[in-house]
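Please work through the following exercises with the sequence and the model at hand. Each task is followed by a solution in steps.

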Amino acid sequence: MIQRIQSVYLLISGISMALVSFKILVYEIGVIKYFASDDIQLFVLTIVIMVLSLLAFAMFKSRLLQMKFIRLALVLNLVISIRLILLYFQFGAQLSISAILFVVFSIIALIMAFRGVLKDEQLIRSADRIR
């Protein structure tokens with residue numbers, strides 16, 4: 001399970017979203033500081049991405065389902081990025097650099113995990129062709 005490099009990438013994605021969900025300041029408007037738990041939409045999105053990453057980590061035997069979970073987590077990560085950009089432009093929110101970095105780390109880790117799962121799937125299909 002942990003022998004595959006994409007498992008490490010999925011864990012990195014899950015941990016970074018857990019940190020964004022519970023520990024890291026996401027943005028501030030004026031003097032009010034907002035964590036992800038203060039913004040219910042952002043909190044739900046980060047929790048769903050964290051759960052999808054950890055589910056994909058656990059689904060190491062079903063590569064096709066794993067790729068679907070990773071794709072969905074990537075789309076939701078992009079939704080979070082767009083939401084943060086809209087907060088910046090509409091309300092003049094000061095975005096936390098650490099929150100942005102963790103979201104970017106999660107996106108990069110998910111892309112690398114998807115590529116690893118895809119390579120595994122191609123390897124299995126080529127081995128089946130040889131038989």
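**Exercise 1: a surface patch**

Methionine 112 is partly exposed, with a relative accessible area of 34%; buried means under 20% relative accessible area, exposed over 50%, and partly exposed in between (1.4 Å probe, protein chains only). The model is predicted: local features need pLDDT of at least 70, side-chain atom pairs count only at pLDDT 80 or more, and totals for chains, interfaces and linings use all residues. Residues are numbered from 1 along each chain as its sequence is written, and side-chain values use heavy atoms, with hydrogens and water left out.

Task: locate methionine 112 in its helix.

Solution. Methionine 112 is found in helix α4; helices are DSSP runs of H or I with at least four residues, strands runs of E with at least two, numbered from the N terminus.

**Exercise 2: helix α1**

Task: determine whether serine 13 is buried or exposed, and list what it touches.

Solution. Step 1: serine 13 lies in helix α1. Step 2: its relative accessibility is 0%, so serine 13 counts as buried. Step 3: beyond residues up to four places away in sequence, serine 13 touches Ser53, Ser106, Ala109 and Leu110, contact meaning heavy atoms within 4.5 Å.

**Exercise 3: valine 26**

Task: identify the residues that valine 26 touches.

Solution. Leaving aside residues up to four places away in sequence, the partners of valine 26 include Val20, Tyr34, Phe35, Leu84 and Ala99.
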